[in-house]
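Here are my notes on the model, as numbered points. Please read them with the structure open.

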Amino acid sequence: MDQKYDAASVERKWQERWQESGIYEFDLDKATDPYYNLMMFPYPSAEGLHVGNVYAFTGADIHGRFQAMRGHDVFEPMGFDAFGIHSENFAIKRGVHPKTLIAQNVAHFREQLHRLGGRFAWNHAVETTDPDYYRWTQWIFLQLYKGGLAYKRKAPVNWCPSCKTVLANEQVISGRCERCDTEVTQRELEQWFFDITRYADRLLENLDHLDWSEVIKTAQRNWIGRSEGAELHFALKDRPSQSIAVFTTRPDTVYGATFLVLAPEHPLVAELTSPDRKGEVDAYVSAALDRKAEERTAAGEKSGVFTGGHAVNPFSGKPVPVWVAEYVLWGYGTGAIMAVPGHDERDFAFATRHGLPIVRVVAPSGYQGGELLELTEAYTEYGTAINSQEFSGLPTEQAKLAVIARAEDLRVGSRRTSYHLRDWLISRQRYWGPPIPMIYCKECGLQPVREEDLPVLLPDVVDFVPKGTGESPLAAIPSFVEATCPQCGGPARRETDVSDNFLDSAWYFLRYPSSGDAVRAFDPSRTQKWLPVDMYIGGKEHAVLHLLYTRFLCMALHDLGFLSFEEPFQRFRAHGMITRNGAKMSKSRGNVVNPDEFFDRYGADTLRAYLMFTGPYEEGGDFSDHGIEGVHRFLHRLYHLVRENASAAQGAAREEVVRRRHRLIRRVTEDIDGLKYNTAIAALMEQLNFLQREEQPSREDLRTMALLLAPFAPHIAEELWEGLGEQGSVHAAHWPAYDPALCQEDTVTIVVQVNGKLRDRLQVPSGTPEAVVREAALASEAVAKHIESVQTARYVFVPDRLLNIVTR
RNA sequence: GCCGAAGUGGCGGAAUGGCAGACGCGCCGCACUCAAAAUGCGGUGGGCAUCGCCCGUGUGGGUUCGAGUCCCACCUUCGGUACCA
């Protein structure tokens with residue numbers, strides 16, 4: 001060891017050794033105890049590795065190193081998610097081809113990731129933009145298509161006017177494009193979808209059995225948004241053979257349905273509109289269609305117009321007017337509602353504004369008849385049905401079931417479940433993605449590209465800027481568009497849309513173990529051996545995007561016979577976010593931490609350990625430029641302690657010291673297991689403070705420090721390990737064991753309270769019985785003072801911890 | 001509005017219902033030094049103060065011998081989501 005701890009040279013030295021020995025690039029087939037440690041692969045941006053990436057990867061790497069030292073064969077792959085609108089937009093801005101740009105970015109990321117000192121299996125790295133990768137992305141598309149899970153349909157979709165492409169629902173954040181923050185509009189376009197809604201119930205139910213961060217599970221449940229109710233049919237008054245279907249979660253309120261409302265897009269609007277209302281209705285509908293999605297869905301004034309048409313309430317038999325209003329969404333339920341203004345806030349607001357009748361059909365539970373106060377707002381609770389003919393008097397939960405049963409008897413409706421989740425819109429009118437492998441033949445219709453013809457290569461073009469015509473830039477390249485029909489061999493036209501970036505990342509973890517396989521997407525035996533993933537760590541921002549799509553795809557591939565499991569990740573943990581001096585880091589604030597700067601100044605070990613020290617990993621932490629000094633000093637002090645004592649240190653230590661060591665091992669082990677890295681590091685600091693005060697720290701204590709530090713600061717741990725004369729890599733060494741019996745302290749402090757207030761502390765051997773403690777406590781002057789002249793009622797004794805003397 | 005998480009020193013944060021503030025930053029003092037940096041050692045919630053005592057974990061109640069921790073109501077902040085019938 002050198003005189004002085006020089007992070008740069010220590011880190012360089014060990015990174016070279018790891019690379020030479022290939023200790024993280026073992027043979028997957030020879031492994032005996034597989035452990036798949038996955039982290040969300042990065043999008044290689046031009047700015048380079050963000051400190052948020054460093055935070056995420058360090059936490060996951062600590063987990064991996066810990067599992068490896070516990071004897072598992074830990075596979076910890078890394079890759080690059082380099083397709084997608086973000087790269088493409090950036091390339092357009094720079095006027096550089098995304099391919100050129102991504103290659104540069106990836107090279108930079110690889111370098112930075114090396115500096116970080118992760119135990120990455122680089123020999124299994126994947127890049128989604130590599131034809132050898134996206135060939136299989138296309139293959140997956142074909143399997144879904146053949147399995148009936150991919151379809152093309154005309155539907156109202158989200159359109160980003162800036163990115164000039166459609167977006168999936170999950171990619172619209174508060175009415176804005178997830179990528180560029182532009183307000184999204186609605187368009188009716190023919191698009192490719194994956195039938196994720198078919199899996200809604202399974203995606204929901206499986207959540208109960210997954211060991212995932214609760215936050216994510218809750219977000220997914222909300223997003224799937226299952227709601228149970230009924231579909232009821234209201235016949236048209238003038239054409240009883242036709243009817244309007246509405247979805248409601250409150251069929252029990254059907255007698256209170258005093259009007260119907262259709263979404264502006266609803267096809268029956270035109271049919272129902274009476275000639276005298278036509279002008280007004282047309283104007284309303286076209287104005288609504290022109291408005292931005294965010295404006296249309298913003299709650300507020302309830303605009304709408306009467307169509308002039310009527311339908312018949314199938315229960316009361318009364319005619320009800322039919323209105324059109326934008327507060328009814330075309331994309332949810334049936335795009336039509338029965339309005340019950342007495343018991344729904346929105347309908348109440350609408351009825352009040354437009355002077356429509358309000359009929360009360362639910363009274364508070366326990367209602368026995370008599371006067372009810374006039375409603376000043378909708379009563380949305382369950383209660384007792386009133387004004388509902390034979391259903392009156394029933395608790396509304398029961399009335400709900402009874403009404404559904406009656407509707408089924410009368411053939412005017414049935415039980416129905418609705419979901420917030422929509423099918424996954426998969427096509428994009430962009431360049432930078434895998435072309436969707438489909439062909440249109442005039443004779444044979446839609447044809448999938450033959451699997452042996454994959455990949456459908458993304459052509460190198462000069463003009464990849466989207467035109468906004470609703471077509472991909474690929475449509476302008478004849479050599480790409482012109483194809484041969486796989487069925488009849490005649491001239492045909494290629495699909496020119498590319499697939500969503502989230503499809504690339506929905507299966508990358510399946511590719512890692514089989515990377516390089518030229519004949520299939522994933523090797524069955526490799527997959528069987530290594531999957532599902534044991535631990536997946538990543539950010540919360542993908543709760544309903546990546547993490548939901550991935551689960552769906554895995555389920556679909558399972559059902560299609562390609563996978564034996566249907567859930568890809570046994571455990572998932574969401575890490576927190578790192579802020580700087582209390583504020584969120586952002587380019588506009590100019591407070592982004594550049595990891596390179598800190599690698600240079602302090603080294604990767606310090607940065608890693610400091611980031612983990614800032615707070616509980618799952619909650620995030622705050623980066624302060626001063627705070628990092630403390631961790632840096634800690635590593636320095638430890639280095640010097642080991643250097644000075646490496647040769648002198650001998651085996652045995654005092655019993656107290658041994659006990660302390662066992663407690664330390666237990667604490668660090670448990671903390672790492674629970675991702676409480678901050679307290680694990682605090683424990684190591686405490687131990688160092690203690691060892692520094694010892695006259696002669698034992699060899700065993702120094703060894704233990706090196707081992708326990710290894711996951712956090714992998715380079716210096718190697719240096720200390722070597723300095724202590726140990727053979728081999730510290731990362732190949734066994735994680736130290738602790739003896740629970742030795743974790744017990746020999747002397748404990750017992751707190752003596754009088755009526756719950758601290759009065760004295762007693763040092764006694766651990767396991768001292770109550771009688772002895774009581775005697776000692778009563779002998780204490782500090783205690784006696786407070787119990788003189790009062791009667792002692794009882795004693796509360798907690799062994800080795802506390803004695804509380806309760807007085808009357 | 002709804003869902004979720006969180007409110008503890010000057011700051012980041014620690015505490016199986018049992019010593020509140022571990023560990024670190026910052027600050028103060030001391031040592032080393034001609035001096036400084038670095039390093040080391042000691043101190044550091046507030047108040048009254050004579051031993052000592054009182055107060056203190058967003059606010060108000062409650063349960064308990066004992067509450068930062070459990071229960072009820074509320075306030076604030078952050079994150080997600082929103083006319084989903």
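1. Start with one strand pair in this predicted model. Strands β31 (residues 747–754) and β34 (residues 802–807) run parallel and are joined by four bridges. Within this pairing, Gln753 stands opposite Asn804 in β34.

2. Which elements does helix α26 touch? Helix α26 (residues 770–779) packs on the sheet and touches β31, β32, β33 and β34. Its direction makes about 125° with that of β32.

3. Now the sheet as a whole. It is open, has four strands and follows the order β32-β31-β34-β33. The pairing is mixed. β32 (757–765) and β33 (792–798) stand at the edges with a single partner strand each, so one side of each has no neighbour in the sheet. From one strand to the next, the twist averages 20°.

4. Next, the RNA. The surroundings of RNA strand B comprise 64 residues. Thr297, Tyr327, Gly333, Gly630 and Gly756 are the closest. Which helix gives the most to this surface? Helix α22 (residues 677–693) does, with seven residues.

5. Composition of that surface: 31 residues are polar, 20 nonpolar and 13 charged. Check this split when you inspect the contacts with RNA strand B.

6. Finally, the whole chain. Chain A has 27 helices and 34 strands. Its C-alpha atoms fill a box of roughly 100 × 85 × 50 Å along the principal axes. Of its 808 residues, 44% count as buried. Take the contacts in chain A between residues at least 6 apart in sequence: 71% of them join residues at least 24 apart.

Terms used:
Residues numbered from 1 in each chain as written. Chains lettered and ligands numbered in written order. Predicted model: local features only at pLDDT ≥ 70, side-chain atom pairs only at ≥ 80, totals over all residues. Near = placed C-beta within 6 Å. Helix = DSSP H or I, 4+ residues; strand = E, 2+ residues; numbered from the N terminus. Nonpolar A, V, L, I, M, F, W, Y, C, P; charged D, E, K, R; others polar. Pairing = 2+ DSSP bridges. Axes fitted to C-alpha atoms, helices over the stretch in contact; angles between N-to-C directions. Contact = placed C-beta atoms within 7 Å. Buried ≥ 20, exposed ≤ 12 C-beta atoms within 10 Å, placed from the backbone.
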